[in-house]
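Visitor: I would like to go through a protein model and ask how each label was reached. Please set the value against the rule each time.

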Amino acid sequence: MSQTDVDSGISQLARRQVRALTPYQSARRIGGQGHIWLNANEAADSGEYALDCSRLNRYPECQPPQVVNAYAAYASVAPEQLLVTRGGDEGIELLIRTFCEPGQDSILLCSPTYGMYAISAQTNDVAIIDVPLSAERQPDFDAIIAKLNQVKIVFLCSPNNPTGDLVDQAGLCRLLTAAKNRALVVVDEAYIEFCPEFSQASLLADYPELVIIRTLSKAFGLAGLRCGFTLAHPHVIELLLKVIPPYPIPEPVAQIAAQALTESGLATMRNRVAEVNSLKLELAGQLSKHSDVKEVFAPNGNYLLVRFSNGAALFSRMAKAGIILRDFASRPGLADCIRITIGTQTEMDAVLNVLQQEQ
Ligand code: PMP
């Protein structure tokens, strides 16, 4: 029996939705000879941490109290309103597994947006209703409200990945009122530290259907740690706790997360945010002067989505120079669009150099 026969025999055993799935294009799955990685909205540095390995013989707490308490204080919520997860991605997955009946329920998303809402829905045999962002790149709140009786969870993202736009608070409140006892409304705030004044977390007190996703992967510089948070009404958290595996947060992860959330950890994070925001505005200014640049999208995260006159050509010129960006050109409405993560000053200079080189 040849290797291909074995492979196809085994793949027939997999669930139908899994066979049909195109997996998430994760940062480390991309090949190529890059030396400047600006494709996954990671931070340019991680900070320094100390580890105590003396308790590794014991299973960790399901919800490490030092992390729960520190993040609850940071986010101004009660500890009962918070779940620590393996990255924001696990929160997204758990919400779908906890609230959506496979083969029966649907989620709603507003494309173009973060890819994992659709992937988690597909792997769990949950249908997807797409209500694309409006021409002003806002969720179409009237259209979403009209579909509420068909969906269990609405996923919004603010700042939206990849467009950078923020959700309008008045529209969100209208949606939350309409969603009462009907559907959850998730606002994914993975990038909110780059514009904290626009967080919707203060609405948690008034709207039990609101869920907020956060992460240490972006502004905290800890994408390799795999630590995220779901903020929600205590009843939602209780339900998620039934589904989360028994020991989701490894002990070393809890130790590092707790250090990241101390006064000095938060100060480091805020300095990183200030640095990224200033490099971002500088880059946006330089880009918008360039004749190959048609549009620079909203600068609210640690990235800029940019429409070039020829996105594919620009992407491969950057790749040849060892600069790996994220190509969104195949997404509806995003022809010629490339997303650039804000890295160091040197990395941003390298991007501008390639752009300015004569072709
Ligand atoms: N939400 C958004 C909008 C993201 O861009 C990401 C990371 N790319 C995540 C959630 C998940 O991040 P993590 O699992 O690393 O916390």
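**Values and labels**

Guide: The protein is divided into domain 1, residues 9–45 + 270–356, and domain 2, residues 65–264. Please note that this is a predicted model.

Visitor: How do you know where domain 1 and domain 2 begin and end?

Guide: The bounds come from an automatic or database domain assignment. Taken over C-alpha atoms, the centres of domain 1 and domain 2 lie 23 Å apart.

Visitor: What makes residues of domain 1 and domain 2 count as in contact, and how many are there?

Guide: Two residues are in contact if their C-beta atoms lie within 7 Å. On that basis 25 residues of domain 1 are in contact with 23 residues of domain 2. On the side of domain 1 that touches domain 2, the elements giving two or more residues are α2 (16–20) and α10 (263–288). The largest share, four residues, comes from α10. By class, this side of domain 1 has 13 nonpolar, seven polar and five charged residues.

Visitor: Which residues are closest to the ligand?

Guide: The ligand is surrounded by 13 residues, and the closest are G87, G88, D89, T215 and S217. A residue is counted here if its C-beta atom lies within 6 Å of the ligand. Helix α4 (residues 87–99) gives the largest share of this shell, three residues.

Visitor: What classes of residue make up the shell around the ligand?

Guide: The shell has four nonpolar, seven polar and two charged residues. In this scheme Gly is among the polar residues and Asp counts as charged.

Visitor: Why are α4 and α8 called roughly perpendicular?

Guide: Helix α4 and helix α8 (residues 234–243) pack at an angle of about 95°, with their axes 9 Å apart. Angles of 65 to 115 degrees count as roughly perpendicular. The angle of about 95° falls in that range, so α4 and α8 are roughly perpendicular to each other. Residues L94, R97 and T98 of α4 make the contact with L239, L240 and V243 of α8. These residues divide into four nonpolar, one polar and one charged.

Visitor: Why is L109 called buried?

Guide: The rule asks for 20 or more other C-beta atoms within 10 Å. L109 has 25 C-beta neighbours inside 10 Å, so L109 counts as buried. L109 is found in strand β3. Leaving out residues up to four places away in sequence, L109 touches Y117, A118, I128, D130 and F155. The C-alpha atoms of L109 and V186 are separated by 9.9 Å, although the two are 77 residues apart along the chain.

Visitor: Is K320 buried or exposed, and what makes it so?

Guide: A residue is exposed if 12 or fewer other C-beta atoms lie within 10 Å. K320 has 11 C-beta neighbours inside 10 Å, so K320 counts as exposed. The place of K320 is in helix α11 (residues 311–320). K320 and I256 are 64 residues apart along the chain, and their C-alpha atoms are separated by 37 Å.

Visitor: Why is A40 called partly exposed?

Guide: The label covers counts between the two cut-offs, 12 or fewer for exposed and 20 or more for buried. A40 has 18 other C-beta atoms within 10 Å, so A40 is partly exposed. A40 lies in the loop between β1 (36–37) and α3 (65–75). From A40 to I324 the distance is 9.4 Å, C-alpha to C-alpha, with their positions 284 residues apart in sequence.

Visitor: What makes R226 and D336 buried?

Guide: The cut-off for buried is 20 or more. R226 has 20 C-beta neighbours inside 10 Å and therefore counts as buried. D336 also has 20 other C-beta atoms within 10 Å, so D336 is buried. R226 has a positive phi of about 60° although it is not a glycine, and D336 has a positive phi of about 65°, again without being a glycine. R226 is in the loop between β7 (210–215) and β8 (228–231), while D336 is in the loop between β12 (326–327) and β13 (337–341).

Visitor: Which peptide bond before P112 is cis, and what is its omega?

Guide: The peptide bond from S111 to P112 is cis, with omega near -5°. P112 is in the loop between β3 (106–109) and α5 (116–123).

Notes: Residues are numbered from 1 along each chain as its sequence is written. This is a predicted model: local features need pLDDT of at least 70, side-chain atom pairs count only at pLDDT 80 or more; totals for chains, interfaces and linings use all residues. Axes are lines fitted to C-alpha atoms, for helices over the stretch in contact, and angles run from 0 to 180 degrees between N-to-C directions. Angles under 35 degrees count as roughly parallel, over 145 as roughly antiparallel, 65 to 115 as roughly perpendicular and the rest as oblique.
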